[in-house]
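Hi everyone, thanks for having me. Let's take a slow walk through one protein model together, so please pull it up on your screens.

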Amino acid sequence: MMDILNHNKTISDIIFQLRKEKNLTYAELEELTGVGKPVLQKLEKGSTKRPEFKTVKAITSALPEAYQELIECYITIENRTEVLYEVLQDVLSSEKKPSLASKVALRLLENPSNETEDSLQRLYYFTQEVSESSLRLELYNVIVKYSRKHGVMNYIAKALLQKYLIERADFKRIDQTFQQGLEIAHYTDFLTNEEKIIYYFRMGLHAHNTKNYRDCIEFCENGMVLEKNESELKARAHLSMINSHLILKNYDKVEELLDVFEKYEYDFVYEAAKHTRAITKARKGEYKIAVPLLEENLRVFSPRFRLNIVDELFEIYLKIDNLDACSKLLERENEIMSTCPDSPSAYRAKGKYYRHKGNYQLTIGAIDEGVKSFASSLQYLNKINAFEEKDACMREFFYCLTKNSIILNKEFMDIIYIMAYNVNQ
């Protein structure tokens, strides 16, 4: 029998204990549970070796404190696959979810009446229909562990991919989940073509968000080879690849890829392509071309691009000492921030915005506001553990103090050091 269920108690013992603890007669227990007195007596005496699950469920409904103990006992004596799935479904809807669900799932996999791969296949597809992501994750963990133990490579690969797709949504662990995603690269031969495409494109996007730009390009290129049809995911991966080349200063490659990217027929493509062309000019230092393009984009583009456009303009205005233009950008802060959804890229963009804002404020002598803006920058970068951007923020902060001959009191320095310390946690 499984170690996780290795105990001496039986259903008979539990019912006897419950009756004695609550001082219940069989008649009273019958009234509570709806289970007939003769059935209860047989259960307690142990003459019913394998009760129906509906009987056990009725008892647990009336006496919920015994739920986990009764279920753990019941699954040791139940071998019928359909009934065990009924138990698993019931557990998933109870309050005793994660740990008990894992035990029932493992019991299903270890059921000797089914072939190992058939059991894994059914549990895998069952898990895909579970609505709560934390429960899906728990079940995928069981599948991965059991598949490793039995050398079933395709379900190691499939369950690892599904785990990754859930865990990558945790922005606080974005670097850690990227590393976990890299493990799947060893198992791609066991994925279907469709699963490989999802893996390569999702990892490409993830690599871009974690600043692994060369990895982003490689993952996206692998996906492009496999995906012959157009899809929004493919288009977004294409854009991440372009942005990675842009950061790596491969400007000719950026323009080459933009020519292909512009052919996708999705709403975001036109603006993204036009914005990227303007940024490319800015990166090349061609400000006389870049600034009018960016200012036009800010006027006509949809809200989702505004923060990135403002960040680019802010950076250029600070470089060319156009403080009036900086001031005009700040007048639109509420409008711009209210249309920026939460995401790793948005947190990074907000961190950049408040860094530029703090630079401007310290330059014009608004010291209190400037310190608070730099603190806000660190706060947003902390959400995604963006250590390099945090370091850049701190360097710019001290540069601004030196450039403007500003000496801060202890209170302000404490604010910044506390924020910087929190980022490092």
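Let's start with one residue: Glu312 is buried, at a relative accessible area of 5%. Buried here means under 20% relative accessible area, exposed means over 50%, and partly exposed is in between, using a 1.4 Å probe and protein chains only.

Before going further, some ground rules. This is a predicted model, where local features need pLDDT of at least 70, side-chain atom pairs count only at pLDDT 80 or more, and totals for chains, interfaces and linings use all residues. Residues are numbered from 1 along each chain as its sequence is written, and side-chain values use heavy atoms, with hydrogens and water left out.

And pLDDT? That's the predictor's confidence in each residue, from 0 to 100. The protein averages 90, and 96% of the residues score at least 70. Among the elements, helix α13 (residues 213–226) has the highest mean pLDDT, 98, and helix α24 (residues 410–423) the lowest, 68. Helices, by the way, are DSSP runs of H or I with at least four residues, strands are E runs of at least two, and both are numbered from the N terminus. Be careful with residues 1–6, where pLDDT stays under 50.

Okay, back to Glu312. Which residue does Glu312 meet in a salt bridge? The partner is Arg283, at 2.8 Å from N to O. A salt bridge means a side-chain nitrogen of Lys or Arg within 4 Å of a carboxyl oxygen of Asp or Glu. In general, side chains of opposite charge can pair when their charged atoms come close.

Arg283 itself is partly exposed, at 37% relative accessibility. Glu312 sits in helix α18 (residues 306–319) and Arg283 in helix α16 (residues 267–283), so this pair ties together parts that are 29 residues apart in sequence. There's a wider network too: salt bridges with shared partners join Arg283, Glu312, Glu315, Lys319 and Lys352.

How many salt bridges does the structure hold? The count is 29. One of them is Lys9 with Glu69, whose closest N and O atoms are 3.0 Å apart. Lys9 lies in the segment before α1 (11–22) and Glu69 in helix α5 (residues 67–77), so the two tie together parts that are 60 residues apart in sequence. Lys9 is partly exposed at 33%, and Glu69 is partly exposed at 32%.

Another one is Arg80 with Glu52, with closest N and O atoms 3.7 Å apart. Arg80 is in the loop between α5 and α6 (81–92), while Glu52 is in the loop between α3 (37–45) and α4 (53–62), so parts that are 28 residues apart in sequence get tied together.

Now for the greasy stuff. A nonpolar core is a set of buried Ala, Val, Leu, Ile, Met, Phe, Trp, Tyr and Cys residues joined through side-chain atoms within 4.5 Å. The largest one has 138 residues, and the members touching the most others are Ile71, Leu88, Phe261 and Phe314.

Let's zoom in on Phe314. Is Phe314 buried or exposed? Phe314 counts as buried, at 0% relative accessibility. Contact means heavy atoms within 4.5 Å, and beyond four places in sequence Phe314 touches residues including Cys326, Leu329, Leu330 and Tyr353.

On to aromatic pairs. Rings of Phe, Tyr and Trp (its six-membered ring) pair if their centres lie within 6.5 Å; planes under 30 degrees apart are stacked, over 60 edge-to-face, and the rest tilted. That rule gives 19 aromatic pairs. For Phe314 and Tyr353, the ring centres are 5.9 Å apart and the planes at 65°, so the pair is edge-to-face. Phe314 is in helix α18 and Tyr353 in helix α21 (residues 344–363), so parts that are 39 residues apart in sequence are tied together. Tyr353 is buried as well, at 1%. Both belong to one aromatic cluster with Phe171, Tyr347, Tyr354 and Tyr380.

Tyr347 has a charged companion: Lys383 lies over its face, 5.5 Å from the ring centre. For a charge to sit over a ring, NZ of Lys or CZ of Arg must be within 6 Å of the ring centre and within 35 degrees of the ring normal. Arg236 does this with Phe268, at 3.9 Å from the centre.

Last stop, helix α12 (residues 193–209), where you'll find His206. His206 is buried, at 3%, and its contacts beyond four places in sequence are Tyr164, Arg168, Ile174, Thr177 and Phe178.
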